[in-house]
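Student: Can we go through this one together? I'd like to work out what its fold and its chain contacts look like.

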Amino acid sequence: MTLTVESRQRVTDARGSAIDELVVNVGPSHPSTHGVCRVIAHLEGEIVTKADPVIGYLHRGIEKMAENRTYLQVVPLTDRLDYVGSMYANWAYCRSVERLAGITVPERAEYLRVITCELQRIASHMMAIGSSAADTGASTMFLYAFEVRERIIEMFEELCGSRLTYNYVRPGGVSFDLPEGWVDLCRTFCEGLTDKLAEMDRLFFGNVITRGRMKGVGVLSAEDAVGWGASGPVARGSGVDWDLRKDDAYSVYPRFDFEVPLGDAGDCYDRARVRLFESYESGTIVMQALEQMEPGPVNAPVSRLIAPRAGEAYDHIESARGSLGVYLVSDGSPRPYRMKVRSPAFCNLALLKVLAPGHTLSDLVVILGSLDPVFGEVDR
Amino acid sequence: MSGLLLGMVYGLAAGLLIALAALFGVWWERKVAARIQLRYGPQEQGPYGLLQTLADTLKLLLKEDITPTRAQVGLFRVAPLIVFTPIAMSLAVVPFAAGWAPLDIEVGMLYFLAVPSLSVIGVLVAGWASRNTYATIGGLRGAAQMVSYEVPRTLAVLSVVLLAGSLRPLDVIAAWRPWWVPLNLIGFVVYLIASIAELNRGPFDLPEAESELVAGYFADYSGIRWAIFMMAEYGGMLASSLFGAAVFLGGPALIAGPAGVVVLVLEAIAITTLMMWVKWTFPRMRPDQLMGTAWKVLTPLALVQLVLVGVVLPWL
């Protein structure tokens, strides 16, 4: 149910702000802001009349730092962009470098990239669904989701030694081949995934309070989604059929058979549930990739000091948050002249301003959670 | 003079009982929550982590007593006591055994429903005196919620009063018959839900809603003052479940004499566990949905229960 604010003559104080209005500063340190987001919320009673996201609290100047490093040294920096899905930024950056320098990636490496990134998608969506649940007060669902995520992170740890910042995808391929027994581990996980997701669907999405809290809240029309540059589950929750894995089928994605789940209402419930279905699809992609993959080299012979021709390149992939692109400009030296990241989390977060007014303070938190911003990527 | 002395003794006893209940209740809640959430819960301090809460309480006692500079000092300091005292007072009329309650008064049922609701003043005061927007919103939410849920809660108990024909808890216990349980089933469920809301516990924990209001009306409290709020919550849970067990499930009426208290406590633990189960399974409601539930669902249900009892009564 959407609550409407009646327009009426406002009584204002000397500074011009309405006196029947309460200004609440949510964040930058707040239990529900998914990082260091600050939202200045103007309230009339419980109803939000205006919500301004204030960003920049996690700005580390990663794009500028990249200009002083060699192309290989930038990869660990991209880990720190979206710290919930490091594989994506790795991959998007490496694709741009490969395009710039004309590097061909061995097929096995492409498969490994797909496998890790699809597992990463599940992990990231579990984080999103789990924290959405925590925002509505369902802390048990949060832990159920994190249990699934933990299995994936353990697999990544075995694969590349890190739990969050993997530095796994490198220009020309990936850093390591699969360790012994990893394929079986992964297959067991994917086989059990469907049951776990179904359990979460019953526990959380089937709950009457969850439906009441998320259905009809923060409704985003398909036109607005496109107009504001939303992508990923936020756009697909509104029924926008836009998934780079299908629409700009990169890497080996054309070889897999998978669906792109779409929502129809465009509310918080659909956005969250699209993530759940996407996790299921990712599981099937990983299974197919494990079947199709053949032995071979995992890294193309690439010089440690890549010095591409002068020019520019842009490439993008479908991250868990949407279209993640990296734009690189080279002046022929071994360091990038300029790097720019097209961050889906940044574009999606901007929607908060449109979606929140008219809803209650409790809904503001749920809407913010449904946009799933990761502030490493928003602020960069 | 002797009344004053008796009052002091009673106050001490109620305080101790609530402290013990909180010590056990916090541990039990953490264990129940852990089982639901695929965890172990406390297990290091003492057998099965039983002493964990004791250690936490000691830590809270030793913490610095912080009063925010912007707070209204006097009100800020006294608010936890305003919340806690009515809860402790409400325990006085609980019929612990057939024929024995600490305080045997004619209007005991009314007393039990009316007195704990005074703690809403403490919630408001705590929210207001903190001078913090989150606390203020939490306090206001708490006030609206606790006042609203009183209505279905009272109506639910009223059907028992109607059956017993008395407002005196001991008379209710004396008149209690096992077939009251199925007859009052709706009333019992309404009482349970309204009690959870009255105590500001999940899924109705809006006044303290962690993900929205940080900790709501007690966001600025720490140390022992915060602990008093927690004790009030567990004390309230103890009182509600003891009273609910007595009047709806007939705790002390099942076994004559002092042994009735054992049945009562077991039933109360079962009710408390149910409350915890609900809290750790369900998401939190939204303020408008919460009000809707109180006025559009629970109140009519309680009225239906009352009519049901009223219709059955002449044939008894």
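Tutor: Sure, one term up front: a residue is buried if 20 or more other C-beta atoms, placed from the backbone, lie within 10 Å of its own, exposed if 12 or fewer, and partly exposed in between. The model is predicted, so local features need pLDDT of at least 70 and side-chain atom pairs 80 or more, while totals for chains, interfaces and linings use all residues. Residues count from 1 along each chain as written, with chains lettered from A and ligands numbered from 1 in written order.

Student: What share of chain A counts as buried?

Tutor: Chain A has 380 residues. By that neighbour count, the buried share is 52%.

Student: And what is the radius of gyration of chain A?

Tutor: The globule rule (2.2 Å times the number of residues to the power 0.38, for a radius over C-alpha atoms) gives 21 Å for 380 residues. Chain A comes out close to that, so it is as compact as a globular protein of that length, with a radius of gyration of 21 Å.

Student: How many residues of chain B are in contact with chain A?

Tutor: Contact means C-beta atoms, placed from the backbone, within 7 Å. On the chain A side, 26 residues take part. The chain B count is 22.

Student: Which helices of chain B each supply at least two of those residues?

Tutor: Helices here are DSSP runs (H or I, at least four residues; strands are E, at least two), numbered from the N terminus. Going along chain B, they are α10 (210-213), α13 (260-281) and α14 (287-312).

Note on methods:
Two residues are in contact if their C-beta atoms, placed from the backbone, lie within 7 Å.
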